[in-house]
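Please look over the sequence and the model shown here before reading on. The briefing that follows takes up a strand of DNA and the protein around it, then the pairing of the chains, and then the build of a single chain.

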2 protein chains.
Amino acid sequence: MVRIKDIAKLANVSPATVSMVINNRGNISEATRKKVLKIIEELNYQPNNVARSLKTNRTRTIGVIVEDITVFSSPEIIHGINESADEHGMSILLTNLRVHRLIGNNFENFDRCKQSVMNAVEELLSRQVDGMIYIGIHNRDLTGLINIPKPVVFTYCSASGENQYSVNYDDELAAFEATEYLIQRGHEKIALISGLIDSIPSHDRFTGYYRAIREHGLPFNPVYVKTGDWEFESGYVMAKELLALADKPTAILAMNDLMAGGVLEACRECGVRVPEDLSVVGFDNREISFYFIPKLTTMGLPLNELGRKSVEILVRAIEGEPIPEKSVKLKCNLVERQSVMPVRDGLAIQ
Amino acid sequence: MVRIKDIAKLANVSPATVSMVINNRGNISEATRKKVLKIIEELNYQPNNVARSLKTNRTRTIGVIVEDITVFSSPEIIHGINESADEHGMSILLTNLRVHRLIGNNFENFDRCKQSVMNAVEELLSRQVDGMIYIGIHNRDLTGLINIPKPVVFTYCSASGENQYSVNYDDELAAFEATEYLIQRGHEKIALISGLIDSIPSHDRFTGYYRAIREHGLPFNPVYVKTGDWEFESGYVMAKELLALADKPTAILAMNDLMAGGVLEACRECGVRVPEDLSVVGFDNREISFYFIPKLTTMGLPLNELGRKSVEILVRAIEGEPIPEKSVKLKCNLVERQSVMPVRDGLAIQ
DNA sequence: CTGAAAGCGCTTACAG
DNA sequence: CTGAAAGCGCTTACAG
């Protein structure tokens, strides 16, 4: 490996001078700068970042802790983090907790994972990362989980604390817009299949749904609200119940794509055509929604943006710049496909 | 931050001694070892790995370059890498090339990405990684792409060169076993929907299919072999052609799950029941195959193992240990679900 | 069994 | 505009 010392010797200058031209600091005459650059080029010299880090006390690396990289949302968020980190000259030290593999969706058992979190944090700290990003797989409050003197931003989950930030998407607004989208197409009987009721997203999405209904002067019918558990099967079961109603809904909004898939399956079995007889809207825009038949219209999550925003905030925090909001919510965007049709003359599903 | 020097002072020993107890080296009396450990515990001291790396010339970090983290195979491979790296006390520096986003499946355009590869490699090198793992998104030969004095292993792609290794799954064996699985259930008219014909996997899988047919004394019927392009739509089109044949196949093996999904859709349209009238087997076991109706029987890829094996080999290479094979192929495992049925009395699909 | 010293490859005041 | 020197936090022969 060629060192700064070698370059200095060949260029007949001191190591300090070489360091300065590399970092564009100090006043260096154009002549020596060129001379040094030429040698660097010739020897294909690359500064040793480990040594640099030791001296500057900055590693330009972000520790990323992801609860489970195999969950659908994680890769796209990491994608965004990587993009933005690149642009900021930062690298990513990745740790995967495998939470989903360990406890599935039973977050009451999350305590079991806390030791892994601690280990990951310690390891990252001993590697002197400048800050951390924690990627959840379910939006919940993680305040107190991580306690370190460096900035950390939580995404797809949240936490409040000194030098801690959260970036998420706006669940309520998303559900509001999805519902409004249906209303604008003439639907008045809109059913909702919720996720597990104790979760923040379920709660916020219900609020958005309810607000859209009321703001448009529609009656709220509790019979149209069903609670599932985020899985395909529960969408199927709830849809069956909904389709058995005397006064059937003309549209169903499911709180995730999996349950929407279950709705589609129930319709197929009952001879209900989607979207002619019933419109269906999902949530998440995961890959699978594209392959459902019909292709599912669904609320897309700003995953890439979640990642990008997280590093933007983190970098500001690292630089010690002021950060306006401790918690930011990004907007979702509806992906229109083939599972929604305007209701005509009240004709849908009679 | 507390340093080794602080511990030494408090324990009334030299920094060298502290270093030795931390690293379990040299001969330290039980008494001083305990004394030092106690202080370390009390101050919650964490060694600075940056300093350590500078001195030892080992960072215990693996540079991972992934062509595209949003492609289905990548997260699970990274999952495996992370697991095994953890076990070896290594960390992962992750770089995402976003190749799929940039060029899709048109690998003739890969030249455009080479600059990103170079940048990633340089960055990783300047961060002094001990070795690298390159995760492809399509099995092809990448010899010459990376040229560095450190070991690198290629997975889901391959390359040969000094200190370079490849780990993949065995395409031919997988196709052989999938075909044999069908034959063992009485199928004799087995169609194959291939991926793009210029790809290594297509070629190897065809070979496996052909070998199974012949080894079981069945006639090879070229009419049963169709070429798709890996996409859903092509599976649909090819299945339609196959179903229009006078002498229809009783089973279709598709070279990936997407095309198998297309087959399922074609069957639905034509009133062909799966698996009663036609058995279908996919390839990849991506998440989506679980949600197809019927749930797809498919050849599962050993993605996690690909990742694990990659770091095992890399670690050996880093340690300078001998590595038996430059290229290793792992076995795939069939995931049995609901799209295959034994053929009875030649009754299938008449 | 333990300590003093040198050094890993950089950067950064400081002096000139 | 440039160089000599100190030091970041460790580890590792070497001496005792």
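**Contacts with the DNA**

In this predicted model, an N or O atom in the side chain of Arg52(B) lies 3.0 Å from a phosphate oxygen of DNA strand D. The points below set this contact among the other surroundings of the strand, and then turn to the chains themselves.

*Phosphate contacts made by the backbone*

- Ile4(B) approaches DNA strand D through its backbone, with an N or O atom 2.8 Å from a phosphate oxygen of the strand.
- Asn48(B) likewise uses a backbone N or O atom, which is found 3.3 Å from a phosphate oxygen of DNA strand D.

*The surface near DNA strand D*

- The strand is surrounded by 24 residues, and the closest of them are Thr32(A), Lys55(A), Ile4(B), Ser19(B) and Tyr45(B).
- Among the atoms of DNA strand D that come within 4 Å of the protein, 70% belong to sugar and phosphate.
- Sorted by character, the residues of this surface comprise nine nonpolar, ten polar and five charged ones.
- At least two residues of the surface come from each of four helices, namely α2 (15-23) and α4 (49-56) of chain A and α2 (15-23) and α4 (49-56) of chain B.
- The element that gives the most to the surface near DNA strand D is α4(B), which supplies four residues.

*How the two copies are related*

- In general, a rotation about an axis, together with a shift along that axis, relates two copies of a chain.
- Here chain B is superposed on chain A by a rotation of 180° with 0.0 Å of shift along the axis, leaving an RMSD of 0.1 Å.
- The two copies are therefore related as by a two-fold rotation axis.
- Within chain B, the C-alpha nearest this axis belongs to Leu93(B), at 2.3 Å from it.
- Both copies are served by the same surface, since 100% of the contact residues of chain B recur in chain A.

*The build of chain A*

- Chain A contains 13 helices and twelve strands.
- Its radius of gyration is 26 Å, whereas a compact globule of 350 residues would have one near 20 Å.
- Taken along the principal axes, the C-alpha atoms of chain A fill a box of roughly 90 × 40 × 35 Å.
- Of the 350 residues in chain A, 57% count as buried.
- Among the contacts in chain A with a separation of 6 or more, 71% are between residues 24 or more positions apart.

Definitions and conventions. Residues are numbered from 1 along each chain as its sequence is written. Chains are lettered from A and ligands numbered from 1 in the order in which they are written. This is a predicted model: local features need pLDDT of at least 70, side-chain atom pairs count only at pLDDT 80 or more; totals for chains, interfaces and linings use all residues. Side-chain values use heavy atoms; hydrogens and water are left out. A residue is near a molecule or strand if one of its heavy atoms lies within 4 Å of it. A polar contact is a pair of N or O atoms within 3.5 Å; within protein, one must be able to donate a hydrogen and the other to accept it, and residues adjacent in sequence count only if both atoms are side-chain atoms. Ala, Val, Leu, Ile, Met, Phe, Trp, Tyr, Cys and Pro count as nonpolar, Asp, Glu, Lys and Arg as charged, and the others, Gly among them, as polar. Copies are superposed by least squares on the C-alpha atoms of residues with pLDDT of at least 70 in both. Contact means heavy atoms within 4.5 Å. The radius of gyration is taken over C-alpha atoms; the globule rule is 2.2 Å times the number of residues to the power 0.38. Buried means under 20% relative accessible area, exposed over 50%, partly exposed in between (1.4 Å probe, protein chains only).
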